[in-house]
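Hi,

Here is the structure I promised to pass on. Have a look first, and my notes follow underneath.

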Amino acid sequence: MKKEIALNVNGVDTSVKADPEKPLLWVLREDLKLTGTKFGCGEGVCGACSVLVNGEVYRSCMVAVGEVGGGEEIVTIEGLGAPGNLSVLQQSFMDHTAFGCGYCTPGMIVTATALLNSNPQPTTETIVSAMNENLCRCASYPKIIEAVKKATASGGTEEG
């Protein structure tokens, strides 16, 4: 049964009428038209659907919208920067061509943002460990690691 669910997405208070069990991914993509968050596997293992909830990485395909409504701060790739105003991390991904097809890129950037927000100067080993749960079909891992390293040298990232 659909009900009105209050959400805070990318710093904006909004609400949707949805089944509380509907995956957050589909609410973001279909109801809020935020299509940067991607559907990959639907099982929470690829990382393409990663978003931040209160600063922590969540797989939005595995989280029911009813679990994050009412005060949780949800940040999608769209909330991290915009064309002409990219975050340090987004710019570093661009500068290092840290993508192949680009499908995994939003999830990679969201995951790396959480890492740098909690650890602004991670070691290469820490970067690899944090990014290990995100899959890239194009095998752009060396460039992704380099982009995250460069963002740390530039002072890390901040949400918003």
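One thing to start with: is aspartate 31 buried, exposed or partly exposed? Keep in mind that this is a predicted model. Aspartate 31 counts as partly exposed, at 34% relative accessibility. Its carboxylate forms a salt bridge with lysine 22, and the closest N and O atoms are 3.2 Å apart. Lysine 22 also pairs with glutamate 30 in a salt bridge, here with 3.3 Å between the closest N and O atoms. Glutamate 30 is partly exposed too, with a relative accessible area of 39%. Through shared partners, these salt bridges tie Lys22, Glu30 and Asp31 into one network. A search of the whole structure turns up two salt bridges.

On charges more broadly, the protein carries 12 positive and 18 negative side chains, and the centres of the two sets are 8 Å apart.

Now the overall fold. You'll find six helices and five strands, running β-β-α-β-β-α-β-α-α-α-α from the N terminus on. The radius of gyration is 15 Å, close to the 15 Å that the globule rule gives for 160 residues, so the protein is as compact as a globular protein of that length. Along the principal axes, the C-alpha trace spans about 45 × 25 × 25 Å.

As for packing, 42% of the 160 residues count as buried. Of the contacts with a separation of 6 or more, 56% come from residues 24 or more positions apart. The accessible surface adds up to about 8000 Å², and carbon and sulfur atoms hold 51% of that.

Cheers

Note on methods: Residues numbered from 1 in each chain as written. Predicted model: local features only at pLDDT ≥ 70, side-chain atom pairs only at ≥ 80, totals over all residues. Heavy atoms only, no water. Helix = DSSP H or I, 4+ residues; strand = E, 2+ residues; numbered from the N terminus. Rg over C-alpha atoms; globule rule 2.2 N^0.38 Å. Buried < 20%, exposed > 50% of the residue type's maximum accessible area, 1.4 Å probe, protein only. Contact = heavy atoms within 4.5 Å. Areas by Shrake-Rupley, 256 points an atom, 1.4 Å probe, with all protein chains shown as cover. Lys, Arg positive; Asp, Glu negative; His and termini not counted. Charge placed at Lys NZ, Arg CZ, Asp CG, Glu CD. Salt bridge = Lys/Arg side-chain N within 4 Å of Asp/Glu carboxyl O.
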